[in-house]
Protein chains: 2
Amino acid sequence: MSARPQSRRIRQADIARLAGVSQTTVSLVLAGKADAAALAQETRSAVLKAARQLGYVADPAARRLAAGRNNLLGLHTFMPAFPVDQRNPYYPFLVGVEEEAAAQGYDLLLFTSAPATGTGHREDPLHRLRLADGCVLIGRHAPVAEVSALLDSEFPLVYIGRREEFGDRLPYVGADYVTATAELVRHLHMLGHRQIVYVRETDDAVASLDRERGFREAIRELDAAPAGGSVVRTNGSDLTADLLRGWLDGGVTAVIAESTDTLAAERAVQSVAATLGARYPTDFSFALAGSQVAREVGEPIITGYRSLKREMGHEAVRVLADLLSGEHVSQTRRQQLLACTFIEGETTGPPP
Amino acid sequence: MSARPQSRRIRQADIARLAGVSQTTVSLVLAGKADAAALAQETRSAVLKAARQLGYVADPAARRLAAGRNNLLGLHTFMPAFPVDQRNPYYPFLVGVEEEAAAQGYDLLLFTSAPATGTGHREDPLHRLRLADGCVLIGRHAPVAEVSALLDSEFPLVYIGRREEFGDRLPYVGADYVTATAELVRHLHMLGHRQIVYVRETDDAVASLDRERGFREAIRELDAAPAGGSVVRTNGSDLTADLLRGWLDGGVTAVIAESTDTLAAERAVQSVAATLGARYPTDFSFALAGSQVAREVGEPIITGYRSLKREMGHEAVRVLADLLSGEHVSQTRRQQLLACTFIEGETTGPPP
DNA sequence: CTGAAAGCGCTTACAG
DNA sequence: CTGAAAGCGCTTACAG
């Protein structure tokens with residue numbers, strides 16, 4: 001027994017029969033193309049009336065197959081769960097993408113299910129993105145082979161977050177972490193800090209590389225009053241209280257923790273600081289290369305920066321829509337970085 | 001110029017040619033169905049090898065067209081903007097629907113764009129829901145004609161929220177507002193209140209009718225120590241401080257405000273109470289038939305009840321998925337009400 | 001001005 | 001054990 005809905009869908013052929021015209025004519029009228037202008041007004045109204053009467057809606061798969069598009073924009077995140085929970089750091093992207101998709105007149109297809117289809121051969125889960133006209137992608141890591149395959153077939157894709165694995169083939173809307181992180185360092189330097197430790201994730205996502213680069217560049221440029229800066233990688237559990245103690249004893253007065261979706265680095269620093277009973281900025285200044293996800297009542301505002309996630313979602317959809325409509329999209333817009341907003345919090349101040 | 005990829009995709013026919021078999025055989029092998037077991041082992045390996053060699057990927061649109069289903073679940077709210085904003089009272093439904101859709105292996109189609117088609121004819125906006133295999137509906141009011149049309153064509157639909165406009169034709173997952181509101185009244189009665197005013201919306205959504213019914217029934221049942229209960233309708237602006245003053249002077253010691261997505265009743269009461277400088281529960285007890293949307297810091301917790309929105313989203317998708325898979329769904333599950341959770345807040349206490 | 005026909009890339013009875 | 005054929009519901013040349 002097939003699992004398809006028992007109600008036979010209304011097809012163009014049904015409309016054609018009711019209106020007394022050919023199925024081709026129905027297609028022409030409903031497509032609203034230039035060709036339709038050539039059709040007699042009464043033929044058109046007959047078709048439209050019949051279509052309305054029957055509650056016709058085109059089958060997206062058929063349309064996609066025959067014409068190559070269906071007015072659907074896809075959204076996929078490389079995560080086990082879709083970021084529909086508001087505390088998910090990716091949630092604001094979803095809001096932005098949804099808003100702009102609606103504004104552009106596209107419906108949004110959320111590729112939520114992880115395992116793809118149930119049928120036999122293990123195929124690339126990304127293939128089903130092709131059901132939509134184009135797709136917005138989000139995620140700290142992008143599977144290179146799968147995304148490349150999609151790009152090879154010229155499937156329209158826009159990534160939220162800078163990517164460099166695909167050269168100029170993959171359009172993206174990213175955040176300028178390099179500049180924002182450098183700004184953070186200059187802020188600390190201005191406050192008087194001369195020994196800063198940067199704690200980061202162990203994995204080399206592009207976003208992590210960018211933040212670290214901003215840190216290193218800023219340290220290097222501060223030649224007027226040279227600052228020491230060291231970069232430490234942590235998996236979250238290998239950062240001990242003794243280690244932090246050692247840094248502070250050795251003259252370190254400020255710590256920057258990279259803020260990613262795993263929260264590994266920031267949690268690690270916060271946890272050992274708590275063990276030490278250290279207080280910000282009395283004992284040392286603490287800042288995030290990124291922003292606080294959710295501040296509990298009573299907790300201090302942590303210095304850092306915020307990327308304009310919602311706006312990134314908007315712009316990603318705008319670029320995708322332009323790509324789909326065949327408009328020329330300049331290279332500067334195809335791969336752009338949006339500035340972050342500096343957050344001056346309560347955890348940074350003059351060195352002790 | 002068509003927007004489709006110029007690079008011709010690899011099709012099953014290409015594999016068939018390379019492997020020296022028919023396209024049907026390729027389909028059989030790649031589908032991995034039971035039929036494939038019957039195929040000679042060498043035929044299968046030849047096909048698989050060729051497929052791998054050519055980098056074959058099935059076209060999802062074609063597959064879905066041929067198989068007759070989309071694997072798409074729709075979600076539509078009868079609102080101008082989609083409740084993707086976390087402060088929207090419908091947001092938790094979205095989360096629940098998304099989670100369960102993912103769990104059931106369906107992708108989620110958000111019908112976000114208001115105006116439907118881009119092409120000519122002005123059609124019923126609901127028609128495009130048919131794009132999915134089935135659809136979850138949310139909203140205080142349901143457009144009867146449009147939803148009926150969908151039901152007539154046996155399009156699988158599940159409503160979140162009780163509906164009575166469609167008899168037993170429309171499956172739903174609602175909240176038991178009758179019981180919850182009655183419980184609220186009994187709570188106030190137990191505290192000693194004998195004169196209670198119930199302030200509600202002016203429009204007769206099903207949810208509003210249910211809450212009022214719970215109020216009336218509870219008042220009627222409290223015959224051991226009879227309580228007075230009156231129902232007042234407000235559009236939000238016609239409730240004056242003098243009116244409230246009059247109630248209190250007349251012996252009313254508790255006010256229940258209906259909490260809907262418009263917030264009309266609860267805001268009206270809160271606002272005139274503020275004008276009067278009244279304090280809860282010192283001057284009178286205040287409760288919501290529903291729950292506080294967002295509590296500001298310093299504000300009291302308001303007594304009321306919470307519907308299990310996320311769970312309602314889950315169950316709605318489960319019912320829809322069962323409907324789609326052709327499983328029998330019992331009538332008690334087709335139209336069910338989930339119990340609400342009582343919230344004992346800080347705004348109710350003994351009468352002054 | 002309108003229709004017959006081919007074709008998009010698959011699945012699925014049905015033959016043999 | 002395998003293939004020819006019909007068909008899913010559209011779009012799009014191409015005829016007339």
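This dialogue covers a sheet shared by two chains and the surfaces around two DNA strands.

Colleague: What kind of model is this, and how are residues numbered?

Modeller: It is a predicted model: local features need pLDDT of at least 70, side-chain atom pairs count only at pLDDT 80 or more, and totals for chains, interfaces and linings use all residues. Residues are numbered from 1 along each chain as its sequence is written, while chains are lettered from A and ligands numbered from 1 in written order.

Colleague: Which residues come nearest to DNA strand C?

Modeller: A residue is near a strand if its C-beta atom, placed from the backbone, lies within 6 Å of it. Here 25 residues surround DNA strand C, and Ser22(A), Thr24(A), Ser27(B), Ala62(B) and Ala66(B) come nearest.

Colleague: Which elements supply at least two residues of that surface near DNA strand C?

Modeller: Helices (H or I, at least four residues) and strands (E, at least two) are DSSP runs, numbered from the N terminus. For DNA strand C, they are α2 (23–31) and α5 (60–67) of chain A, and α2 (23–31) and α5 (60–67) of chain B.

Colleague: How many residues surround DNA strand D?

Modeller: There are 26, the closest being Ser27(A), Ala66(A), Ala67(A), Ser22(B) and Thr25(B). α2 and α5 of chain A, with α2 and α5 of chain B, each give two or more residues to that surface.

Colleague: Where do the two chains' strands join in the sheet?

Modeller: Two strands pair if DSSP finds at least two bridges between them. Three bridges join β2 (residues 107–110) of chain A to β2 (residues 107–110) of chain B, running antiparallel. Leu109(A) has Leu109(B) as its bridge partner.
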